[in-house]
Amino acid sequence: MITIATTPTGHRGATSPGTSLIVELRGELDLDGAASIEPTLTALARTGPAELRLDLGALAFCDTSGINLFLRLRHQCTRAHTPLVLTGVRSQPARVIRLVGLDRTIACRFVGPAAPRRGPIDPAVVRRARGGGGHPALMVPGPPTLFR
C-alpha cells in the first residue's frame with residue numbers, strides 16, 4: 001500500500017501556480033500503488049507548481065511500475081514547465097533507480113552511503129591497464145554498481 005502527503009512551500013495554496021510542492025510517498029510503490037496515486041500526482045503536476053519534489057525517504061519498495069510512473073510524471077511536469085526532483089532516495093528504491101538509469105533522466109537527491117555513479121568505462125583504458133588483451137567487460141575492477 002502507498003500513501004501520499006503534500007506540503008506546499010511559500011505563501012500560496014497547494015494548487016496555486018508558482019508554489020513548490022513536496023509530496024511524500026510512504027509504503028510500497030508497486031503496480032497497484034502506482035495506479036492508485038497516479039491521478040493525484042498528475043493533477044498536482046498540471047497545476048504548474050514552481051517545483052514538484054517527491055520525497056522518497058519513507059518509500060520501502062519500488063518496482064518498474066514506480067519507475068514508469070516517475071517517467072510519466074516527468075512528462076507531465078515538462079509540459080507544465082515544472083522541474084521534478086526525487087529527494088530522500090535510499091535503500092531499495094535507490095538501487096532500482098540507479099540500475100535503470102532514472103537518475104540520469106530525473107534529478108535525484110540520494111541519502112545515505114550510496115556512492116556516486118561511475119561514468120562510462122572506456123574499453124581502451126581497460127585494455128591498456130591489463131596489457132592489451134581480454135574482453136573489456138570482464139576486466140572492470142571493483143564490485144558491480146548493483147550491489148552498492
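**Reading helix packing and burial**

Me: Is the crossing of α1 and α2 left-handed or right-handed?

Reply: The crossing of α1 and α2 is right-handed. Keep in mind that this is a predicted model.

Me: At what angle do the two axes cross, and within what distance do they come?

Reply: Helix α1 covers residues 31–46 and helix α2 residues 64–79; their axes cross at roughly 10° and come within 10 Å. Angles under 35 degrees count as roughly parallel, and α1 and α2 are therefore roughly parallel to each other.

Me: Which residues make that contact?

Reply: The general idea first: an α-helix has 3.6 residues a turn, so residues three or four places apart point the same way. In this case, α1 contributes Leu31, Ala34, Ile37, Glu38, Leu41, Thr42, Ala45 and Arg46. From α2 come Ser65, Leu69, Arg72, Leu73, Gln76 and Cys77.

Me: How many of the contact residues are nonpolar, polar and charged?

Reply: The contact of α1 with α2 has eight nonpolar, three polar and three charged residues.

Me: Cys77 is part of that contact. How many disulfides does the structure hold?

Reply: A disulfide is a covalent bond between the sulfur atoms of two cysteines. The structure holds zero of them. As for accessibility, Cys77 has a relative accessible area of 1% and is buried; Cys62 is also buried, with a relative accessible area of 1%.

Me: How should I read burial in a strand, for instance at Leu59: buried or exposed?

Reply: The cut-off for buried is under 20% relative accessible area. Leu59 has 3%, so Leu59 is buried. This residue is found in strand β3, residues 52–62. Its C-alpha atom is separated by 8.5 Å from that of Glu24, although the two are 35 residues apart along the chain.

Me: And Thr87: where does it lie, and what is it in contact with?

Reply: Thr87 lies in strand β4, which spans residues 84–89. Its relative accessibility is 13%, so Thr87 counts as buried. Setting aside neighbours within four places in sequence, its contacts are Arg53, Leu54, Asp55, Leu56, Gly57 and Arg109.

Me: Which residues of helix α3 are buried, and what covers them?

Reply: Helix α3 runs over residues 91–100, and its Gln92, Pro93, Ala94, Val96, Ile97 and Arg98 are buried. The cover over the buried residues of α3 includes β3, α2, β4 and β5 (107–110).

Me: What phi does Gly101 take just after α3?

Reply: Gly101 takes a positive phi of about 80° there.

How values were computed:
Residues are numbered from 1 along each chain as its sequence is written. This is a predicted model: local features need pLDDT of at least 70, side-chain atom pairs count only at pLDDT 80 or more; totals for chains, interfaces and linings use all residues. Side-chain values use heavy atoms; hydrogens and water are left out. Helices (H or I, at least four residues) and strands (E, at least two) are DSSP runs, numbered from the N terminus. Buried means under 20% relative accessible area, exposed over 50%, partly exposed in between (1.4 Å probe, protein chains only). Contact means heavy atoms within 4.5 Å. Axes are lines fitted to C-alpha atoms, for helices over the stretch in contact, and angles run from 0 to 180 degrees between N-to-C directions. Angles under 35 degrees count as roughly parallel, over 145 as roughly antiparallel, 65 to 115 as roughly perpendicular and the rest as oblique. A crossing is left-handed if the near helix is turned anticlockwise from the far one by less than a right angle, and right-handed if clockwise. Ala, Val, Leu, Ile, Met, Phe, Trp, Tyr, Cys and Pro count as nonpolar, Asp, Glu, Lys and Arg as charged, and the others, Gly among them, as polar. A disulfide is a pair of cysteine sulfur atoms within 2.5 Å.
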